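Okay, everyone, thanks for coming. I'll put the structure up now, and then we'll walk through it piece by piece.

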Amino acid sequence: MHRLRLLILPSAVPACFVDPFMNTSQHSPTSPDPKTDPVIIVGAGLAGLCCARELQRRNIPFLLLDANAQAGGRVRTEVVDGFRLDLGFQVLQTAYPEARQQLNYGALNLRSFFPGALIRTQGRFVQMADPWRRPGRLLATLFNGIGTFADRLRLARLRWTVSTQNEDLAADSTTADFLRQDCRFSADLIQRFFRPWFAGVFLEPQLATSSRYFRFLFRIFATGDASLPTAGMGAISQQLADSLPAGCLKLSTAVTAVSPHSVQLADGQQLAAKAVVLAVDGPAAERLSQGLVKSPAACGTVCLYYAADKPPLTEPILVLNGDGQGPINNLCVVSNVVPEYAPAGQSLISVSVVGLPSEAGLEPAVRAQLTEWFGSAVASWRHLRTHRITWALPAQPAGFRNTPDSPTPASSHGLWTCGDYQQTASIHGAMLSGRLTATALAESIG
Ligand SMILES: Cc1cc2nc3c(=O)[nH]c(=O)nc-3n(C[C@H](O)[C@H](O)[C@H](O)COP(=O)(O)OP(=O)(O)OC[C@H]3O[C@@H](n4cnc5c(N)ncnc54)[C@H](O)[C@@H]3O)c2cc1C
């Protein structure tokens, strides 16, 4: 409490900010003062940060609280022995419309992946390049033995369709059905290319995710780059947090209960609020709202990081498991994309497992598969960390955007909410959700 009070000197208090930590003794949370109480946003992930930025833009006083010591929620980076480890393998798609609005890409110093993938199948690596952006690889991609020639034409048609039609107006089905029945791709192309690629994006191997969301993503992938900030994905969150007025963001501040006009902190304090926005992940939103907000099911993942003296590949490319055997779904040599992710002379390898297999024996099984792919040098790789992320993404099955639990922003029982589970399970969706909720809230309080 004292530390928090001390953080805000009167002269440093920004115009848009009223410090409720100063006010707690002056009025009780049960009698809110709409003139001075700030909007309290619980959760400083991308949704909470973008909600705060929109309130700030509209000169609405706010306070952003997060239980963690670092802002960013699921988009964070830790440094281990000089390696930059993102919280699970993730990338920024430069074509995300909301990210383009919210972020200064130049300051993030983005580095891009090769547009395409390397597919591990039947004992060899086969390249599948995006021929629109790597025309020089067209022939190699045409004759790589994956799928049929007709599949290449269907890929061109899909690319044209998603770039000219609004996916929100399209019928929704599972991505698997859409690829098989609507696009009529061969089983081979789906199995060896689409399945590992989108299992790694949706974090579910059945491709039961909404085809509307798939169409949105396919357009985004086709029109921009998959990229990483030089300082790690956490730099995205840090850039947003740094743009907020000093003193408006309180970290290491867990909220234990909320009502429409107050929040209770883990240390017992009650803070009065003009309005409360729950910008937490689905399970936390369900818990804090006492079941008024329903969390969708979760998609989990495990990410294992390894350090190597020599990179097993030279290209900045995503590697997909085309055979579907073994624990690995995809991997990449992150330091081939951004050398700064590893100390000089070393390489960082990120391995993604879709789902949450038992911890026992997972690392040896991953290493055995890596050895099969890259040979005996893998024995000298150093296992740096395993990130096991239970609530990595909200499940977004066909029709999820039409359910009453994922509405356009409105307060529910007096509580406002935002988060990726309300838009799309992505950086874009989280940012958009935060901004839209702030806009609706601002309009409702005039
Ligand atoms: C492994 C992985 C890979 C991903 N890959 C990609 C990708 O490649 N591209 C992409 O676009 N998206 C990707 N995503 C998804 C993207 O990261 C998320 O959709 C987005 O970050 C969600 O943001 P959010 O603000 O909705 O939620 P969160 O980031 O979960 O933020 C919620 C915040 O609430 C805080 N909180 C919770 N409870 C409390 C409490 N009681 N009191 C105070 N604070 C609380 C948490 O500490 C957290 O900071 C990936 C996610 C993961 C985990």
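So, let's start at the ligand. Three elements, α3 (46-57), β19 (382-394) and α15 (427-445), each give at least two residues to the shell around the ligand. Before I go on, keep in mind that this is a predicted model.

How many residues surround the ligand? There are 34 of them, and the closest are Gly43, Gly45, Gly73, Gly88 and Gln90. If you sort the shell by character, you get 19 nonpolar residues, eleven polar ones and four charged ones.

Now, where does the ligand lie relative to the domains? Domain 1 is made of 2-73 + 234-296 + 407-445, and domain 2 of 79-112 + 227-231 + 298-394. Both of them give residues to the shell, so the ligand lies between the two.

Okay, on to the helices. Keep your eye on α3 and α15, since we just met them at the ligand. When you look at two packed helices, you describe them by the angle between their axes and the distance between the axes. Here, the axes of α3 and α15 come within 7 Å, and they cross at roughly 35°. The crossing of α3 past α15 is right-handed. On the α3 side, the residues making the contact include Leu46, Leu49 and Leu55, while on the α15 side Ile427, Met431 and Ala438 are among them. Taken together, the residues of this contact come out as eleven nonpolar, five polar and two charged.

α15 does something else, too. This helix lies across β1 (39-42), β14 and β20, and it runs at about 165° to β14.

That brings us to the sheet with those strands. It's an open sheet of five strands, in the order β10-β2-β1-β14-β20, and the pairing is parallel. Which strands stand at the edges? They are β10 (249-250) and β20 (416-417); each has a single partner strand, so one side of each has no neighbour in the sheet. If you zoom in on β14 (residues 275-278), two bridges join this strand to β20. One pair to find on screen is valine 277, whose bridge partner in β20 is tryptophan 416.

Last stop: another sheet. This one is open as well, with three strands in the order β5-β9-β6, and the pairing is antiparallel. The edge strands are β5 and β6, each with a single partner, so one side of each is left free of a neighbour in the sheet. Strand β5 (residues 92-93) pairs with β9 (residues 226-229) over two bridges, whereas three bridges join β6 (residues 110-112) to β9.

Here's a nice detail to look for. Serine 227 in β9 is the bridge partner of leucine 92, and serine 112 stands opposite serine 227 as well. Further along, leucine 110 has proline 229 of β9 as its bridge partner.

Key. Residues are numbered from 1 along each chain as its sequence is written. This is a predicted model: local features need pLDDT of at least 70, side-chain atom pairs count only at pLDDT 80 or more; totals for chains, interfaces and linings use all residues. A residue is near a molecule or strand if its C-beta atom, placed from the backbone, lies within 6 Å of it. Helices (H or I, at least four residues) and strands (E, at least two) are DSSP runs, numbered from the N terminus. Ala, Val, Leu, Ile, Met, Phe, Trp, Tyr, Cys and Pro count as nonpolar, Asp, Glu, Lys and Arg as charged, and the others, Gly among them, as polar. Domain bounds come from an automatic or database domain assignment. Two strands pair if DSSP finds at least two bridges between them. Two residues are in contact if their C-beta atoms, placed from the backbone, lie within 7 Å. Axes are lines fitted to C-alpha atoms, for helices over the stretch in contact, and angles run from 0 to 180 degrees between N-to-C directions. A crossing is left-handed if the near helix is turned anticlockwise from the far one by less than a right angle, and right-handed if clockwise.
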